[in-house]
Amino acid sequence: TSRSKMSGDAHIDSQAKADRLLLALGEQLSLTGDAYDLVVIGGSALLALGLISRSTQDVDVVALAGDDGLYEALPLPKPLASACRRVARDLDLPEDWLNSQAAADMLRLGLPQGFFDRLATRDYGAFLTVRYASRFDQIHFKLHAAVDRGGGKHLSDLRELQPKEDELLAAARWARTHDPSDGFLAVLTDALAYFGIEDADLDA
């Protein structure tokens, strides 16, 4: 079996595991009649959309969606948090496998313009809808995370997304609205240079 085929099989398996978690959550919510519409970013969103191959069981919720747009998911509503704990118990996962802490500041400080219109929506039963951030928006989040928290998995994910120059520049300018400090700019400039972009005007 070729390495690429093995990688593809692992990718499919990882997607199936991620779907299993959310289907299980949807089943738990159906037992109590509580319905939720989650907006998800990060590795699990990339995995769900087939954009990365690494496995992850962490689901990062940036917001809840409602009739009036997006609103904060921190803390998670109690019925949703309870359902998550039951899934964690049943599938032997950490209780915080679905987490709104890590991405909370993204909504407060501002999501990329047009973010909501680019979301990909999937239903996991009648009581759970998940909206996944697009590849374009994930480039924004991954560049910011790679600069803010150090390369690691964020830089690896960003490489796998194969961003174009205009996408990276848009992401960099957005990232500057979250952290305008000189220190952040210096690391951001180095990150762009890593992708072959020199002397970028990040204030445009």
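**Two pockets and a buried isoleucine**

In this predicted model, helix 2 (43–48), helix 5 (135–149) and helix 6 (152–161) each give at least two residues to the lining of the largest pocket.

Reader: Which helix supplies the largest share of that lining, and how many residues is it?

Author: Three helices each put in at least two residues: helix 2, helix 5 and helix 6. The largest share comes from helix 5, with 5 residues.

Reader: What is the volume of the largest pocket?

Author: Let's start with what sits around the pocket. Its lining has 18 residues, and the closest to its centre are Gly42, Asp60, Lys142, Arg149 and His154. By class, the lining splits into 6 nonpolar, 6 polar and 6 charged residues. The volume of the largest pocket comes to about 270 Å³.

Reader: Is Ile41 buried or exposed?

Author: Ile41 sits in strand 1 (residues 36–41). Its relative accessible area is 6%, and buried means under 20%. So Ile41 is buried.

Reader: Which residue is 20 residues apart from Ile41 along the chain, with C-alpha atoms separated by 6.4 Å?

Author: Leaving aside neighbours within four places in sequence, Ile41 touches several residues, including Asp60, Val62 and Phe115. The C-alpha separation of 6.4 Å, though, is to Val61.

Reader: And the second largest pocket: which helix gives the largest share of its lining?

Author: Leu74, Arg85 and Gln101 are among the residues lining this pocket of about 160 Å³. Helix 3 (78–91) and strand 4 (98–99) each supply at least two lining residues. The largest share, 3 residues, comes from helix 3.

Notes: Residues are numbered from 1 along each chain as its sequence is written. This is a predicted model: local features need pLDDT of at least 70, side-chain atom pairs count only at pLDDT 80 or more; totals for chains, interfaces and linings use all residues. Side-chain values use heavy atoms; hydrogens and water are left out. Helices (H or I, at least four residues) and strands (E, at least two) are DSSP runs, numbered from the N terminus. Buried means under 20% relative accessible area, exposed over 50%, partly exposed in between (1.4 Å probe, protein chains only). Contact means heavy atoms within 4.5 Å. On a 1 Å grid over the protein atoms alone, a cavity is a set of points where a 1.4 Å probe fits but cannot get out, and a pocket is an open set with protein on both sides within 12 Å along at least five of seven lines; lining residues have an atom within 4 Å of a point. Grid points are joined across faces, edges and corners, and a volume is the space filled by probe spheres set on the points. Ala, Val, Leu, Ile, Met, Phe, Trp, Tyr, Cys and Pro count as nonpolar, Asp, Glu, Lys and Arg as charged, and the others, Gly among them, as polar.
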